[in-house]
Structures are given as structure tokens and as C-alpha cells.
Amino acid sequence: MVKVLFVCLGNICRSPLAEGVFRHRALSVGLTEGPTGHVLADSAGTGSWHVGSPPDERSVRVARKYGIDITGQRARQVSVEDFEIFDYVLAMDRDNLRTLRELAPAQHHDKLSLLLDYAANPRFREVPDPYLFRDEAGFERVFSVIAEGVEGLLAHIRRHHLSG
Ligand code: 4NP
């Protein structure tokens with residue numbers, strides 16, 4: 001079992017999409033997802049403003065367009081226990097990676113990286129904060145960048161943890 005936590009600022013726009021895309025893509029490459037599956041996905045925010053909220057409706061819409069339902073998710077804040085529980089803690093951008101480095105005990109720093117470090121041909125290093133471009137096209141771009149990162153991440157997990 002490989003446990004993956006996706007982290008953004010609010011846990012309402014980017015990381016809920018990453019969680020949903022990861023779960024969806026894992027199933028389509030034959031990996032079971034959940035507490036007793038091959039992989040387990042979750043997401044959280046470094047900020048606390050939106051704790052308990054469902055995902056942003058623009059994230060819900062773009063996910064639905066690609067056949068992914070993220071409406072059951074609720075925002076939560078990253079906690080110190082997350083660094084014990086998860087094998088990969090993946091930040092959407094450098095600001096959030098910096099915050100994770102401040103929060104995580106030193107022995108868990110090797111679990112921290114940017115999601116897009118796993119993208120095969122990254123056009124960007126960071127998943128842009130959608131609060132900076134509020135339109136549908138912006139969320140479409142966020143979705144496609146996240147999907148590239150997730151694809152590479154799943155290939156990495158299969159190669160390093162689940163082969164043979
Ligand atoms: P997210 O987007 O980090 O992708 O969930 C944001 C959501 C809320 C805020 C910023 C970014 N905010 O400042 O409230």
C-alpha cells in the first residue's frame with residue numbers, strides 16, 4: 001500500500017482535483033484505491049480558511065467533464081500526523097512545499113516534493129493557484145497540468161513499489 005497526500009493552499013481547488021484524478025487514473029491502470037487497496041489518496045490544505053468546505057464549483061465542473069466526481073470531498077488542514085501516515089506528500093506549488101518543509105519533522109523531508117516533479121514532460125514546475133485566474137479556461141489548464149503530474153506519479157509508484 002502506497003499512501004499519497006496532495007497539498008495546496010485551500011484544499012478546495014487544486015488538491016481535490018489531484019486526489020480525484022489520482023483515484024480515477026489508478027483504477028483505470030488496474031490499481032485498487034482505498035484503505036485496503038494498492039494505493040490510498042487524500043488531500044489537504046496548508047491553510048485553514050476552508051476547512052469543512054466542499055471543493056470549489058469550478059473544480060467540481062472540470063472534474064465532472066472528465067468523468068470524475070469530487071463532490072464528496074471536504075477540505076481539511078495538513079497535520080503533523082500526515083507526515084507519519086503518508087509515503088508521498090506532494091505540493092502543488094513552491095509556496096506550499098516551503099510550508100510543508102517548515103511543518104514536517106526532518107526525518108520525513110524525503111517524502112516532500114512538487115507533484116510536477118513526477119510529470120514526464122513538465123510544461124510547468126508548479127500547478128498555478130487558480131485564485132489568480134478565475135475563469136473556466138484556467139481550471140481546464142489546472143486540470144491538464146495536474147493530470148500530467150498524476151500520470152507520471154502513478155508510473156513512478158508502479159515501477160518503484162508495485163512491480164513484480
Ligand atoms: P487551492 O486554491 O489552494 O487550489 O485550494 C485556493 C483556495 C483558496 C485560497 C487560495 C487558493 N484562499 O486564499 O482562500
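Two strands pair when DSSP finds at least two bridges between them. With that in hand, look at E3 and E4: leucine 90 stands opposite serine 113 in E4. The model shown here is predicted. This briefing covers the strands, the helices, three loop residues and the ligand site.

**Strands and their partners**

- Strand E1 covers residues 2-8 and pairs with E3 in the parallel sense, over 4 bridges.
- E1 is also joined to E2 by 7 bridges, and these two strands run parallel as well.
- Leucine 5 has a partner in each of these neighbours: valine 89 stands opposite in E3, and aspartate 42 stands opposite in E2.
- Cysteine 8 stands opposite glycine 45 in E2.
- E3 has a further parallel partner, strand E4 (residues 112-114), with 3 bridges between them.

**How covered are the strands?**

- E1 is largely enclosed by the rest of the structure, because 6 of its 7 residues are buried.
- Strand E2 (residues 39-45) is mostly covered too, with 6 of its 7 residues buried.
- In a regular strand, side chains alternate between the two faces of the sheet.
- Which residues cover the two sides of E3 (residues 88-91)? Tyr88 and Leu90 are buried on one side, while Val89 and Ala91 are buried on the other.

**Helices**

- Which residues of H2 are buried? They are Arg58, Ser59, Val60, Val62 and Ala63.
- These buried residues pack against two other helices, H1 (14-28) and H5 (136-160).
- Just after H2 comes glycine 67, with a positive phi of about 80°.
- Helix H4 (residues 94-103) holds leucine 100.
- Is leucine 100 buried or exposed? Its relative accessible area is 0%, so leucine 100 counts as buried.
- Leucine 100 and leucine 112 are 12 residues apart in sequence, and their C-alpha atoms are 7.4 Å apart in space.
- Beyond its neighbours within four places in sequence, leucine 100 is in contact with Val7, Thr46, Val78, Phe83, Val89, Ala91 and Leu112.

**Threonine 46: a loop residue with a polar partner**

- Threonine 46 sits in the loop between E2 and H2.
- Its relative accessibility is 13%, and the cut-off for buried is under 20%, so threonine 46 counts as buried.
- What does the side chain of threonine 46 make a polar contact with? The partner is the side chain of asparagine 96, at 2.6 Å.
- Leaving aside neighbours within four places in sequence, the contacts of threonine 46 include Val7, Cys8, Leu9, Gln77 and Val78.
- Asn96, Thr99 and Leu100 are also among the contacts of threonine 46.

**Glutamine 73: another buried loop residue**

- Glutamine 73 lies in the loop that links helix H2 (57-65) and helix H3 (82-85).
- Glutamine 73 counts as buried because its relative accessibility is 11%.
- Apart from neighbours within four places in sequence, glutamine 73 is in contact with Pro16, Glu19, Gly20, Ser43, Ser53, Pro54 and Pro55.

**Asparagine 11: an unusual backbone angle**

- Most residues other than glycine have a negative phi.
- Asparagine 11 has a positive value, with phi near 60°.
- Asparagine 11 is found in the loop between E1 and H1.
- With a relative accessible area of 3%, asparagine 11 is buried.
- Asparagine 11 is also one of the residues around the ligand.

**The ligand site**

- From the first part of the chain, the residues around the ligand include Cys8, Leu9, Gly10, Asn11, Ile12, Cys13 and Arg14.
- Trp49, His50, Asp129, Pro130 and Tyr131 are also among the residues around the ligand.
- By class, this shell has 7 nonpolar, 3 polar and 2 charged residues.
- Cysteine 13 has a polar backbone atom 2.9 Å from an oxygen atom of the ligand.
- Arginine 14 brings a polar side-chain atom to 2.7 Å from a ligand oxygen.
- Histidine 50 also has a polar side-chain atom by a ligand oxygen, at 2.8 Å.
- How much of the ligand does the protein bury? Taken alone the ligand exposes 350 Å², and the protein buries 89% of that.

Note on methods: Residues numbered from 1 in each chain as written. Predicted model: local features only at pLDDT ≥ 70, side-chain atom pairs only at ≥ 80, totals over all residues. Heavy atoms only, no water. Near = heavy atom within 4 Å. Polar contact = N/O pair within 3.5 Å; in protein donor to acceptor, adjacent residues only side chain to side chain. Areas by Shrake-Rupley, 256 points an atom, 1.4 Å probe, with all protein chains shown as cover. Nonpolar A, V, L, I, M, F, W, Y, C, P; charged D, E, K, R; others polar. Buried < 20%, exposed > 50% of the residue type's maximum accessible area, 1.4 Å probe, protein only. Contact = heavy atoms within 4.5 Å.
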